[in-house]
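I opened this model today to see how the chain is laid out. My notes follow in the order I looked things up.

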Amino acid sequence: MKNYTIAVIGLGYVGLSMAVLLAQNNTVYAVDVVQEKIDMLNNRISPLKDHEIEEYLRTRKLNLTATFDSQAAYAKADYVVIAVPTNYDSTLNHFDTSIVESVVSDVIACNPRATIVIKSTVPVGFTKSLCNRHGHHRIIFNPEFLREGRALYDNLYPTRIVVGFDGENQELRVAAEQFAGMLSECALKAPVDVLFMGSTEAEAVKLFANTYLALRVSFFNELDTYAEMRGLDARQIIQGVCSDPRIGNYYNNPSFGYGGYCLPKDTKQLLANYRDVPENLIRAVIDANSTRKDFIANQILQKAGYSALCDAEKIVVGIYKLAMKTDSDNFRHSSIQGVMRRIQQKGVSIIIYEPALVNGSCFMDCDVVNDFDEFVDRSAVIVANRSDSKLETVASKVYSRDLFRRD
Ligand SMILES: NC(=O)c1ccc[n+]([C@@H]2O[C@H](COP(=O)([O-])OP(=O)(O)OC[C@H]3O[C@@H](n4cnc5c(N)ncnc54)[C@H](O)[C@@H]3O)[C@@H](O)[C@H]2O)c1
């Protein structure tokens with residue numbers, strides 16, 4: 001097994017899991033702009049909560065150095081794996097790919113022999129246009145399908161490895177095959193399905209896969225809205241629907257909407273890519289998520305006793321945890337925040353119980369109250385996207401649509 005030198009740029013969920021995975025068999029330089037992350041990783045402490053990453057850092061012999069010095073890392077690298085953010089820019093209506101672009105320019109200037117692997121999610125057609133712009137074709141797009149919090153696990157047991165590259169260049173083909181080989185060799189699952197395709201098709205795979213997940217979440221949420229409005233048992237309906245193996249009894253637990261870093265922005269980017277192409281469904285998925293949050297906010301306000309004539313400020317809604325999933329402390333772009341904004345617009349007060357935040361601090365202009373008894377006493381209604389055994393004794397105050405206690 002050949003040992004390659006790999007620079008991984010960006011130590012978020014994607015980059016960190018890649019760095020740990022690849023450092024089992026290769027020499028990895030992990031680059032970030034945040035000193036704290038570099039120091040933690042060099043002391044074998046995970047900068048992110050992820051059980052498998054924590055365990056691998058503690059117990060495995062990894063050839064992994066975290067560094068601030070991107071130029072030194074590029075210069076040594078056979079492969080540069082880019083895992084920096086691509087946030088959705090709602091003014092420009094597409095991803096802000098400027099960080100990816102600046103890393104690519106720097107790598108080409110510093111070490112044009114290195115194969116660049118883009119793992120950041122990018123608009124459909126991005127890699128090809130970047131290659132053309134630079135007249136440089138050693139760029140591969142390798143979409144990432146991990147779940148936050150299970151990032152390394154999902155790379156140890158990948159559902160598939162998709163590698164996108166363009167043209168007939170033999171060296172690039174070999175580099176793409178070698179990279180896929182490295183990912184497979186570092187995985188625990190064998191064999192792993194590897195799919196080679198054009199970079200534009202690979203970019204489309206990533207956005208369509210996430211939009212399908214968003215569609216599925218939205219479908220069961222809309223079913224649940226219907227059931228709640230009509231006074232029906234959503235659990236029975238979902239069980240009946242999902243007994244058909246073509247539909248499947250999984251990923252069907254109602255929630256307050258899809259959220260997290262990827263689904264909201266990836267669906268919007270796919271819709272932007274549809275410009276000039278007929279569509280109804282992609283836009284509907286995005287709209288459905290917003291409608292769901294409107295509905296949930298209204299249900300909460302009703303349960304809390306809100307009316308147009310009431311003294312809204314005196315009503316206190318308690319938010320029980322901000323994360324999307326049980327056992328997660330990651331709440332970036334979680335759907336509850338959209339629900340909170342809607343409740344705030346009515347002038348209703350909100351307090352938050354969230355052990356990942358400091359008691360007495362403030363989040364979205366709401367007080368964090370981590371004394372559970374005080375939180376319960378002060379809340380007219382307790383809102384939980386995912387329920388918890390801790391809430392059993394106060395069930396009559398709780399509003400949740402977590403019917404199956406999973407996902
Ligand atoms: N989080 C996911 O579940 C997931 C899944 C699949 C794909 N993706 C995609 O992968 C990309 C990264 O996602 P993430 O969740 O890991 O992001 P993240 O925001 O958690 O981490 C990005 C990291 O990049 C660092 N960074 C920013 N600018 C940098 C620079 N110039 N040089 C070096 N480091 C820099 C940041 O400090 C941060 O540590 C995004 O495009 C995202 O859409 C994310």
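These entries go from the whole chain down to single residues.

**Entry 1: the whole chain**

I noted at the start that this is a predicted model. I then counted elements and found 14 helices and 16 strands in the protein chain. I took the box along the principal axes: the C-alpha atoms fill roughly 70 × 50 × 40 Å.

I checked the radius of gyration next. The protein chain has 23 Å, and a compact globule of 407 residues would be near 22 Å, so the two agree. For burial, I got 43% of the 407 residues. I also looked at contacts between residues at least 6 apart in sequence; 67% of these join residues at least 24 apart.

**Entry 2: domains**

How is the protein chain divided? I read off domain 1 as 5-197 and domain 2 as 208-399. Their contact takes twelve residues from domain 1 and twelve residues from domain 2. I sorted the side of domain 1 that touches domain 2 by class: five nonpolar, five polar and two charged residues. The C-alpha centres of domain 1 and domain 2 lie 32 Å apart.

**Entry 3: around the ligand**

I listed the shell around the ligand and got 25 residues. Which of them come nearest? They are Gly10, Gly12, Val14, Ser120 and Thr121. By class, I have 14 nonpolar, six polar and five charged residues in the shell.

I asked which element gives the largest share of that shell. Helix α1 (residues 13-22) does, with three residues.

**Entry 4: α1, β1 and β2**

I stayed with α1 and checked burial. Ten of its ten residues are buried, so α1 is largely enclosed by the rest of the structure. Among them are Tyr13, Val14, Leu16, Met18 and Leu22. Val14 is thus on two of my lists: it is one of the residues that come nearest the ligand, and it is buried in α1.

I moved on to the strands. Strand β1 (residues 5-9) and β2 pair in the parallel sense over five bridges. Ile6 stands opposite Val28 in β2. Strand β2 covers residues 27-31, and four of its five residues are buried, so β2 is largely enclosed by the rest of the structure too.

**Entry 5: a six-stranded sheet**

I traced an open sheet of six strands with mixed pairing. The order I wrote down is β13-β14-β12-β11-β15-β16. Which strands stand at the edges? They are β13 (362-363) and β16 (398-399). Each has a single partner strand, so one side of each is left without a neighbour in the sheet.

I followed the β13 edge further. Two bridges join β13 to strand β14 (residues 366-368), and the two run antiparallel. Cys362 has Asp367 in β14 as its bridge partner.

The loop between β13 and β14 holds Met364. I checked its backbone: phi of Met364 is near 50 degrees, a positive value in a residue other than glycine. Is Met364 buried or exposed? I count 12 other C-beta atoms within 10 Å, and 12 or fewer is the cut-off for exposed, so Met364 is exposed.

**Entry 6: two more backbone oddments**

I found another positive phi at Asp276, near 75 degrees, again in a residue other than glycine. Asp276 lies in the loop between α11 (263-273) and α12 (281-303). With 5 C-beta neighbours inside 10 Å, Asp276 counts as exposed.

I also noted a cis peptide bond. It joins Ala190 and Pro191, with omega about -5 degrees. I placed Pro191 in the loop between α8 (170-186) and β10 (194-197).

**Entry 7: Tyr88**

I closed with Tyr88, which is found in strand β5 (residues 88-89). What does Tyr88 contact beyond its neighbours within four places in sequence? I got Phe95, Lys265, Lys268 and Gln269. I took the distance to Gln269: it is 181 residues away in sequence, yet 7.3 Å away in space, C-alpha to C-alpha.

I then asked how exposed Tyr88 is. There are 16 other C-beta atoms within 10 Å. Buried needs 20 or more and exposed 12 or fewer, so Tyr88 is partly exposed.

Methods:
Residues numbered from 1 in each chain as written. Predicted model: local features only at pLDDT ≥ 70, side-chain atom pairs only at ≥ 80, totals over all residues. Near = placed C-beta within 6 Å. Nonpolar A, V, L, I, M, F, W, Y, C, P; charged D, E, K, R; others polar. Pairing = 2+ DSSP bridges. Rg over C-alpha atoms; globule rule 2.2 N^0.38 Å. Contact = placed C-beta atoms within 7 Å. Domains from an automatic or database assignment.
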